[in-house]
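Biologist: Could you take me through one part of this model slowly, starting from a single residue and working outwards? I have the sequence and the structure open beside me.

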Amino acid sequence: YIENQCILTNIQQLLLVDHINYWVHKGLAPTPAIVRNFAADICGKVPGKNWVSRFVSKHRDRLASEFL
């Protein structure tokens, strides 16, 4: 039920985490607006303005520390 309410599936969320970490390791940490655009590209829907902060809180243990 909860996954159905999420804008991204669990697999898509992990894909986004990998994408963010890729750019961070290249030295280009994405802004929250860029992360929202990444998510929109993945799922076809634009997340709300607070979505990125909730996403970061949920995936804090997987995201590169430079992004946080």
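Leaving aside its neighbours within four places in sequence, which residues is Ile 7 in contact with?

Modeller: Happy to. This is a predicted model, where local features need pLDDT of at least 70 and side-chain atom pairs count only at pLDDT 80 or more, while totals for chains, interfaces and linings use all residues. Residues are numbered from 1 along each chain as its sequence is written, and side-chain values use heavy atoms, with hydrogens and water left out.

Ile 7 sits in the loop between α1 (2–5) and α2; helices here are DSSP runs of H or I with at least four residues, numbered from the N terminus. Beyond neighbours within four places, Ile 7 is in contact with Gln 12, Cys 43, Lys 45, Val 46, Pro 47 and Trp 51, where contact means heavy atoms within 4.5 Å. One of these partners, Val 46, is 39 residues away in sequence, yet its C-alpha is 8.6 Å from that of Ile 7. Thr 9 is found in that loop between α1 and α2 too. Its C-alpha lies 8.8 Å from that of Cys 43, across 34 residues of sequence. Thr 9 has a relative accessible area of 32%, so it is partly exposed; buried means under 20%, exposed over 50% and partly exposed in between, with a 1.4 Å probe and protein chains only.

Ile 7 also helps line the largest pocket, together with Cys 6, Leu 8, Gln 13, Trp 51, Arg 54, Phe 55 and Lys 58. The pocket holds about 170 Å³ of space, and α4 gives the most to its lining, with four residues. (A pocket is an open set of points on a 1 Å grid over the protein atoms alone, where a 1.4 Å probe fits and protein lies on both sides within 12 Å along at least five of seven lines; lining residues have an atom within 4 Å of a point. Points are joined across faces, edges and corners, and the volume is the space filled by probe spheres set on them.)

Now follow the chain into helix α2, residues 10–25. At 1.5 Å a residue, its 16 residues should span 22 Å, and the end C-alpha atoms are 23 Å apart, which agrees; the expected span is 1.5 Å times one less than the number of residues. Gln 13, Leu 16, Val 17, Ile 20, Asn 21 and Val 24 are the buried residues of α2. Seen down the helix axis, they fall within an arc of 135°, so they line one face; the arc is that of the directions from the axis to the C-beta atoms. Turned away from that buried side are the exposed residues Ile 11, Asp 18 and His 25. The cover over the buried residues of α2 includes α3 (32–43) and α4 (51–58).

Leu 16 is a good residue to click on. Its relative accessible area is 0%, so it counts as buried. Leaving out residues up to four places away, Leu 16 touches Leu 8, Val 35, Phe 38, Ala 39, Ile 42, Trp 51 and Phe 55. Asn 21, also in α2, counts as buried because its relative accessibility is 12%. With that same exclusion of residues up to four places away, Asn 21 touches Arg 62, Leu 63 and Ala 64.

On the partner helices, the buried residues are Val 35, Phe 38, Ala 39 and Ala 40 in α3, and Trp 51, Val 52, Phe 55 and Val 56 in α4. Those of α4 fall within an arc of 130° down the helix axis, so they line one face, and they pack against α2 and α3.

Much of this comes together in the largest nonpolar core, which has 15 residues; those with the most contacts inside it are Leu 16, Ile 20, Val 35, Trp 51, Phe 55, Leu 63 and Phe 67. The elements giving two or more residues to this core are α2, α3 and α4. (Such a core is a set of buried Ala, Val, Leu, Ile, Met, Phe, Trp, Tyr and Cys residues joined through side-chain atoms within 4.5 Å.)
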